[in-house]
Structure formats: structure tokens, C-alpha cells
Amino acid sequence: MAANYLCYFAIQALTVPFMGVYLKLRGFDAPQIGALVAIQMVIAMVAPYLWASLADRGGRRALLTKAGVALSLLSFGGLFLVGGFWPTAAILALFSFSWSSILSQLEVLTLALLRPQVELYSRIRSWGSIGFLVMVALAGWMFERWSVALLPWVGSGLLLAMLLFSLPLNEGDEPDPEARLSGWDGVHWPKATLFLLFAFCLNASHGAFYGFYVLYLQSLGISESVAGMLVAAGVVAELGLFVLMPRLLRRWPLDRLMIACGMLALLRWYLTAQTHTPWGQVPANLLHAASFSLAHVCAMQFIHHEFAPGIQGRVQALYRSLAFSGGGALGVFFSGLLWQRHPGQIWWLAMGLAATALLVALISKGLNYNNGMVHRSDRDAEPCPDPAV
């Protein structure tokens, strides 16, 4: 599982920052590149739920994960063969359709295989951060030294490695067919709605960072290389928190961790707006560990404990499509509107969204929705030793 996360996020680090550069090398202009990226984003908001529905109902989650990786390898390899806008669009659409389905299934498989010690999820997920950090640095060095034309070769090699690592995956403890069909019946919708609203607002607050942080630093006279190091510092902090998360989850209930996410995200965007030097931006980026990593682990714990196994794949897909992708897209869109008129105000928008997430977390705590969720689920389970703790 750790190797699959490492490969998955290494491929993300390869394609997200560098695909536009590769497409430019292939001769596409800016509107065409924007259209090709937009096609992938639209498909990525729909495809995960389709795959998750099939996995939840059929109970062959590991098999579908392997099929998704295999189809991703075949479609990505199509970049060697196609030319022109529409053939490239078809290849990238097929890649997005298969690739965007994989992570939701990996999350469910990981949490199922770790049962009852699901708090150890962050230890495995941390390998994804390692893969992202190493690949984004390595790819930048390779493409600067040689050429971004190497991207299909590197991506195909990573996908082949991931396919090999996915072969040993098994289905784990799959629910019986009756449980798969009736899993939505026991959902506490007010609790679930509040949590999804919390996740949506917190992810939306990151829109300004995802779309305009480097441009903001450039407006302060900070170079791109320094900006890259600041972003890397956030990934390192993210990795450190993933290692510590099992202890935090055993000590603190989920509702308090949610409140901490909102408070620290609010502090992060305030520091980003108020500090104008590289050293001043370091603490803001270190808080990425709270605003992103801690929030993501809270979401994984909530989904695992709140929803029946037979629907967890679809809930993971909804979380990723609506709260994660949808929230981020909305944040980027409104940040773009503000950037044209008053660039500095994008961080006030981010603070407003983080404050809304904090308010939702406080309401959840007031209703006693998520108090002690992890401990309540696993208090009767026999602990298994973990030498790393």
C-alpha cells in the first residue's frame, strides 16, 4: 500500500506541474493547453463516482484498482503515438477517466486492511508525500538538464511500477451483498452534511494558494526558486504531521482536531497576507501540515467510521469530487476574480472561508457529533503492537 501511494503521488508531481510545459513543447498554444487541462478536470469530477459505484456494488475494489492502473498505463502510453489536438484530448480524457478513480479505492482498501488500527493510516499515506517531494525535485532537474520530452517515458515507468505494486492487493474484508445494497440507510445526514461543508470550505480556502501563491510571491520580489523551496517546506511539514497523526488521533477526539484545522488554516492565510519576506513566509507554509494534512486525515477517519463499508468508495469519490476538487475549483475561481482587481484581497477570501470552516467545526462540537469517534469505534478492539509508536 505504501508503494502504491508513493507511485501515485510521484505521478501527480510529474503531471500536474509539467503537463502544460510538455503540451507547449508539442506545439499547442495557450487556449489549447487550457482546454486540454479543463477536459481532464471535468472528467475527474465525474469518473471517481462511477468507478466507486461499481466497486461498492460489485465488491471487487482491488481488482478495479488494478484495472484502473493498467488502463492509465495504456492511455498514458498513447502520448507516444498521437498528434494533433483531438487525438491528444481523447488520450488525456481516457487517462483522466481511469487515473482519477484510483485514489478513492486505495483509501478504502488501506483503511480496511488497517482495521482496527485505522489511526495508522497516516503512516502509509506519508509515503505519498515522499513520492511527491522526490519526484517534483527530480523531474525539475531532469527536464532542465535534458528535456520535458522525457515526461511520457518517466510517467510510463512510474505507472508500470505502480501496476506491479498493485498486483498483491487483495479485497480485504468486503461486506456481504446485502450490506452493499443497504449501506445508505444508517447515514446520519446532518452530521455528514456538516462535515462535508467543513471540508468544502477548508479546501476552498486553499484556492488562492493553489492558483496564485507563486504569482503573489513574485509580486513581493521573491524568486521562483525560493518559492519552490517554500512550497517544499510545506510538503516536509505535511510529511512530519502524517508521522505524528496516530498519536494525535489516540489522544484527541475528532471534533477538537477539526477545530484546530480551522484555527490554524485561518492563521496560515493571515501570516501569508501579512509577511513580505521569504523567512516570514516559512511559518505560513509550515502550517500546511494543519490546513491540509490534518484536515485530510480527519476526513479519512470520518468517512471510515461514519459510513458503512458498502458505500465508502462512493463517499470517498464524493468527498474528492465535491469537497476537494469542487471546493478547490471554487476557491481558485473567486480568487482569480479578486486577483484582477485587488490581488492582496485573495488572502482575505481565504481567511473568510477558513473562518467558515472553523464555525462549522464549532457547531459540530456543540452538537457533540464527532467526539471521540476513533476511540469509540476501536475501544473494544484488541490492540496490535506498533514498535514505531
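A residue is termed buried when its relative accessible area is under 20%. The legends below describe a predicted model.

**Figure 1. Overview of the chain, an assembly of 17 helices with zero strands.** Of the 389 residues in this predicted chain, 52% are buried. Among contacts with a separation of 6 or more, 85% join residues that lie 24 or more positions apart. The area exposed by the chain is about 17000 Å², and carbon and sulfur atoms supply 69% of that area.

**Figure 2. Close-up of the salt bridge between Asp-255 and Lys-365.** A search of the whole structure finds one salt bridge. The N to O distance between the side chains of Asp-255 and Lys-365 is 3.8 Å. Asp-255 belongs to helix H12 (residues 254-274) and Lys-365 to helix H16 (residues 346-366), so the pair ties together parts that are 110 residues apart in sequence. Side chains of opposite charge can pair when their charged atoms come close. The two partners are described by their accessibility as follows. Asp-255 has a relative accessible area of 1% and is therefore buried. Lys-365, with a relative accessibility of 32%, counts as partly exposed.

**Figure 3. Close-up of Ser-101 in the loop between helices H4 and H5.** Helix H4 covers residues 85-99 and helix H5 covers residues 102-114, with Ser-101 in the loop between them. Ser-101 has a relative accessible area of 2%, which means that this residue is buried. The side chain of Ser-101 reaches the backbone oxygen of Ser-98 at a distance of 2.6 Å. When neighbours within four places in sequence are left aside, Ser-101 is in contact with Pro-48 and Trp-51.

**Figure 4. Close-up of a nonpolar patch on the surface, formed by Met-45, Val-46, Leu-50, Leu-94 and Phe-97.** Together, these residues have about 410 Å² of accessible area. Helix H2 (30-58) and helix H4 are the elements that give two or more residues to the patch. Helix H2 gives the most, with three residues.

**Figure 5. Close-up of Leu-94, a member of the nonpolar patch.** Leu-94 lies in helix H4. The relative accessible area of Leu-94 is 36%, so this residue is partly exposed. Membership of a patch requires over 30% relative accessible area, and Leu-94 has 36%. The other residues of the patch are Met-45, Val-46, Leu-50 and Phe-97.

Technical notes
Residues numbered from 1 in each chain as written. Predicted model: local features only at pLDDT ≥ 70, side-chain atom pairs only at ≥ 80, totals over all residues. Heavy atoms only, no water. Helix = DSSP H or I, 4+ residues; strand = E, 2+ residues; numbered from the N terminus. Buried < 20%, exposed > 50% of the residue type's maximum accessible area, 1.4 Å probe, protein only. Contact = heavy atoms within 4.5 Å. Areas by Shrake-Rupley, 256 points an atom, 1.4 Å probe, with all protein chains shown as cover. Salt bridge = Lys/Arg side-chain N within 4 Å of Asp/Glu carboxyl O. Polar contact = N/O pair within 3.5 Å; in protein donor to acceptor, adjacent residues only side chain to side chain. Patch = residues over 30% accessible without salt bridge, like charges linked within 9 Å, V, L, I, M, F, W, Y side chains within 5 Å.
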